[in-house]
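Colleague: Could you take one part of this model and look at it closely? I would like to follow how it fits with its surroundings, step by step.

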Amino acid sequence: MRIIPYATLRDSHVILRPFQFEDAGDLYRAVRESMEDLKPWMSWAHNGYSQSDALNYITVARAQWGEGSMFSFAVIDANSGAFSGTCSLAHIHPVYFYCNLGYWIRSSERGRGMAGLAGGTISLAGSPGWFSELTTSGQGWIAIGLVIFAQWNPWRAAAGAYMFG
C-alpha cells in the first residue's frame, strides 16, 4: 500500500493519525459510550470491554502497520481535537493493492459527516489518485460511467454492458 509509515492525514474537518499508546483511554471511553451501537456489528464489542482491550488493539494496530498489513487511524475532530473513532485499511491484497475500508464513529459524533470525511481522506491517501489503474483495477470507472449514462435504468445498463464487454 502506498502510505508513508505512520503518516498523519488531514483536511479542514478531520485528522487521521496512527494510534498512539496514549490514545487507549480515549478509545476505551468512545467504545464504552458507543457499546450498544457497536455490539450488533463488531465482534470485539462486548460488555466486558476494558482499557486493557483498548491498549491491546493499539498494540496490534501499530504492529500490523509496521508489517504493512493494516493501517489503522485514530479519527480526530480537527476543530475540537476530540477523539471521534477509527478508520482502517485492512486485508490488503499484495498484488492489486485493493483492501477493506473499515470505520466506526462514536455515538455522540454521529450525523456530523465524520465517517464520510475519514473514509474519503483515507481512500485518497491509499491510492496514487482517483484515476489510477490501482484505484479500480482499471474497470470500476467504466461500470460507474455505464450506470450514469444508462440513467440508472437496469435494462439500459445491461445492454451497455453487453455492447462494451
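**Helix 4 and its surroundings**

Modeller: Start with the length of helix 4, residues 114–125. It has 12 residues, and at 1.5 Å a residue it should span 16 Å. The expected span uses one less than the number of residues, so 12 residues give that value. The C-alpha atoms at its ends are 16 Å apart, which agrees. Keep in mind that this is a predicted model.

Now look at which side faces inward. Met114, Ala118, Gly119, Thr121 and Ile122 of helix 4 are buried. Around the axis they cover an arc of only 165°, so they sit on the same side of helix 4. What do these buried residues of helix 4 pack against? They meet strand 1 (9–10), strand 2 (14–18), strand 3 (70–77), strand 4 (83–90) and strand 5 (100–105).

Those strands belong together. The 5 strands make an open sheet, in the order 1-2-3-4-5, and they pair antiparallel. Strand 1 and strand 5 are the edges, each pairing on one side only. Inside the sheet, strand 3 and strand 4 run antiparallel and are joined by 7 bridges. In that stretch, Phe71 stands opposite Leu89 of strand 4. Helix 3 (residues 51–67) packs on the sheet and touches strand 2, strand 3 and strand 4. Its direction makes about 125° with that of strand 3. Helix 4 packs on the sheet too, touching strand 1, strand 2, strand 3, strand 4 and strand 5. The direction of helix 4 makes about 55° with that of strand 2.

Next, take strand 3, which helix 4 touches. Is strand 3 enclosed or open to the outside? All 8 of its 8 residues are buried, so strand 3 is largely enclosed by the rest of the structure. Both of its faces are covered. On one side you find Met70, Ser72, Ala74 and Ile76. On the other you find Phe71, Phe73, Val75 and Asp77. Strand 3 pairs with strand 2 in the antiparallel sense, over 5 bridges. One example is Pro18, whose bridge partner in strand 3 is Phe73. Towards strand 4, Ala74 has Thr86 as its bridge partner. Strand 3 and strand 4 form a hairpin, with 5 residues between them. Gly81 in that turn has a positive phi of about 80°.

Put helix 3 beside this. Its 17 residues should span 24 Å at 1.5 Å a residue. The C-alpha atoms at its ends are 25 Å apart, which agrees. Ala54, Ile58, Ala61 and Trp65 of helix 3 are buried. Seen down the axis, they fall within an arc of 65°, so they line one face of helix 3. Gly66 and Glu67, on the other side of helix 3, are exposed. The buried residues of helix 3 pack against strand 2, helix 1 and strand 3. Just after helix 3 comes Gly68, with a positive phi of about 80°.

Finally, see the charged pairs. Arg106 forms a salt bridge with Glu33, and their closest N and O atoms are 2.9 Å apart. Arg106 lies in the loop between strand 5 and helix 4, while Glu33 lies in helix 1, so this pair ties together parts that are 73 residues apart in sequence. Is Arg106 buried or exposed? Its relative accessible area is 14%, under the 20% cut-off, so Arg106 is buried. Glu33 is partly exposed, at 35% relative accessibility.

A second pair is Glu109 and Arg112. Their closest N and O atoms are 2.2 Å apart. Glu109 is buried, with a relative accessible area of 14%. Arg112 is partly exposed, at 43%. Asp77, Glu109 and Arg112 are linked in a network of salt bridges. Remember that Asp77 is also one of the buried residues of strand 3.

Compare a pair within helix 1 (residues 24–33). Asp26 and Arg29 form a salt bridge, with their closest N and O atoms 2.7 Å apart. They are 3 residues apart, about one turn of the helix. Asp26 is partly exposed at 32%, and Arg29 is partly exposed at 45%. The full count is 7 salt bridges.

Notes. Residues numbered from 1 in each chain as written. Predicted model: local features only at pLDDT ≥ 70, side-chain atom pairs only at ≥ 80, totals over all residues. Heavy atoms only, no water. Helix = DSSP H or I, 4+ residues; strand = E, 2+ residues; numbered from the N terminus. Buried < 20%, exposed > 50% of the residue type's maximum accessible area, 1.4 Å probe, protein only. Arc of directions from axis to C-beta. Contact = heavy atoms within 4.5 Å. Salt bridge = Lys/Arg side-chain N within 4 Å of Asp/Glu carboxyl O. Pairing = 2+ DSSP bridges. Axes fitted to C-alpha atoms, helices over the stretch in contact; angles between N-to-C directions.
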